[in-house]
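Welcome, and please load the model in your viewer. We will go from one selection to the next, with a short note on what to find at each.

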Amino acid sequence: RGFDVPLTGADLVTHRSLIRQHFPFLAPDTVAVVHARRAGWLSAQQLGMAMLEAARERGVSLHRGKVVGVDVGGGRVRSVHVAQDGERRSLEASHLVLAAGPMQKEVARLIGIDLPLIAERHRKVSFPDPLGAMRTAPMLIWLDEQHLPWSDDERAALAEGDDTQWLLGKFPAGVHGRPEGSGGTASLLVLFNHDHGPCEPVF
């Protein structure tokens with residue numbers, strides 16, 4: 001709300017002094033940066049809480065349960081069946097928002113829709129940043145292959161296990177990260193999906 005500046009396109013920065021000036025947190029041997037003007041991130045948890053509080057101010061009530069069925073008639077949603085504390089309730093509804101995250105495909109089946117979605121594993125690692133070195137960084141996506149600089153002892157230990165040998169190889173492009181928190185709780189949040197195969201979500 002209130003942000004109406006048209007942001008389009010991207011900037012390709014290849015001059016090393018400009019990279020150091022505008023992106024001082026990147027490695028000194030960085031040779032090129034593509035800066036997408038219309039990009040970024042937000043806190044899904046904070047946005048969700050802001051939306052929930054705004055809805056409550058307008059009389060919306062929160063019910064916790066599991067959606068187990070949806071009645072559809074005439075091309076419209078009529079009611080939603082929710083399991084709560086071992087009981088099943090039917091809630092009249094004319095609209096239904098499917099916001100089930102990795103369970104979106106499963107929930108869509110309740111209204112007879114087969115969404116062409118897959119789930120894949122993503123790994124998340126957090127590193128403390130007490131000096132705030134990454135405090136001003138935007139969301140970063142590395143387009144180079146990555147590897148972890150293990151010590152000789154660590155490499156030998158990882159090589160012994162069939163389930164850990166993969167940590168010795170290179171990781172594909174697409175590792176991404178961003179700053180998180182501030183002050184004494186500042187950290188760098190890094191995410192990657194080295195396993196690109198689809199999987200079934202398990203909680």
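Which residue forms a salt bridge with Glu 53? Select Arg 56: the closest N and O atoms of the two residues are 3.2 Å apart. Keep in mind throughout that this is a predicted model.

**Stop 1: helix H2**

Stay with that pair and show the backbone around it. Arg 56 and Glu 53 are three residues apart in helix H2, so about one helical turn separates them. The general rule behind this is that an α-helix has 3.6 residues a turn, so residues three or four places apart point the same way. Colour the two by accessibility and you will find Arg 56 partly exposed, at 39% relative accessibility. Glu 53 is partly exposed as well, at 36%.

Now select the whole of H2, residues 44–57. If you like a quick geometry check, place a distance label between its end C-alpha atoms: the label should read 20 Å. At 1.5 Å a residue, the 14 residues of this helix should span 20 Å, so the two values agree. Then step past the end of the helix to Gly 59, which follows H2 and has a positive phi, near 95°.

**Stop 2: the three-stranded sheet**

Next, select S3, S4 and S5. They make an open sheet of three strands, in the order S3-S4-S5, with antiparallel pairing. Strand S3 (66–73) and strand S5 (87–92) stand at the edges with a single partner strand each, so one side of each has no neighbour in the sheet. Neighbouring strands here are turned by 25° against each other on average, direction ignored.

Follow the pairings one at a time. Between S3 and S4 there are seven bridges in the antiparallel sense. To find your bearings, pick Lys 66, which stands opposite Ala 83 in S4. Moving across, S4 (residues 76–84) is joined to S5 by six bridges, again antiparallel. Here Ser 79 is a handy marker, standing opposite Glu 92 in S5.

The turns deserve a click too. S3 and S4 form a hairpin with two residues between them, and Gly 74 in that turn has a positive phi of about 60°. S4 and S5 also form a hairpin with two residues between them, with Asp 85 in the turn.

What is the phi of Asp 85, which is not a glycine? It is positive, about 50°. Asp 85 sits in the loop between S4 and S5, and its relative accessible area of 83% makes this residue exposed.

**Stop 3: the four-stranded sheet**

Select S7, S8, S9 and S10 next. These strands form an open sheet of four, in the order S7-S10-S9-S8, with antiparallel pairing. S7 and S8 are the edge strands, each pairing on one side only. Zoom in on S8 and strand S9 (residues 176–180), which pair in the antiparallel sense over two bridges. Leu 140 has Gly 177 in S9 as its bridge partner.

While you are in S9, show side chains. Arg 178 and Glu 180 meet in a salt bridge, at 2.5 Å from N to O. Is Arg 178 buried or exposed? With a relative accessible area of 16%, Arg 178 is buried, because the cut-off for buried is under 20%. Its partner Glu 180 is partly exposed, at 35%.

**Stop 4: a link between loops**

Now pick Lys 170 and Glu 145, whose side chains meet in a salt bridge at 3.9 Å, N to O. This pair links distant parts of the chain, 25 residues apart: Lys 170 is in the loop between helix H4 (152–160) and S9, while Glu 145 is in the loop between S8 and H4. Lys 170 is exposed, with a relative accessible area of 61%. Glu 145 is exposed too, at 52%. For context, a search of the whole structure finds five salt bridges.

**Stop 5: a nonpolar patch**

Finally, switch on the surface and select Trp 41, Met 139, Ile 141 and Leu 143. Together they make a nonpolar surface patch of about 430 Å². Where does Met 139 lie? Look in the loop between strand S7 (123–128) and strand S8 (140–141). Met 139 is partly exposed, with a relative accessible area of 31%.

Definitions and conventions
Residues numbered from 1 in each chain as written. Predicted model: local features only at pLDDT ≥ 70, side-chain atom pairs only at ≥ 80, totals over all residues. Heavy atoms only, no water. Patch = residues over 30% accessible without salt bridge, like charges linked within 9 Å, V, L, I, M, F, W, Y side chains within 5 Å. Areas by Shrake-Rupley, 256 points an atom, 1.4 Å probe, with all protein chains shown as cover. Salt bridge = Lys/Arg side-chain N within 4 Å of Asp/Glu carboxyl O. Buried < 20%, exposed > 50% of the residue type's maximum accessible area, 1.4 Å probe, protein only. Pairing = 2+ DSSP bridges. Axes fitted to C-alpha atoms, helices over the stretch in contact; angles between N-to-C directions. Expected span 1.5 Å × (residues − 1).
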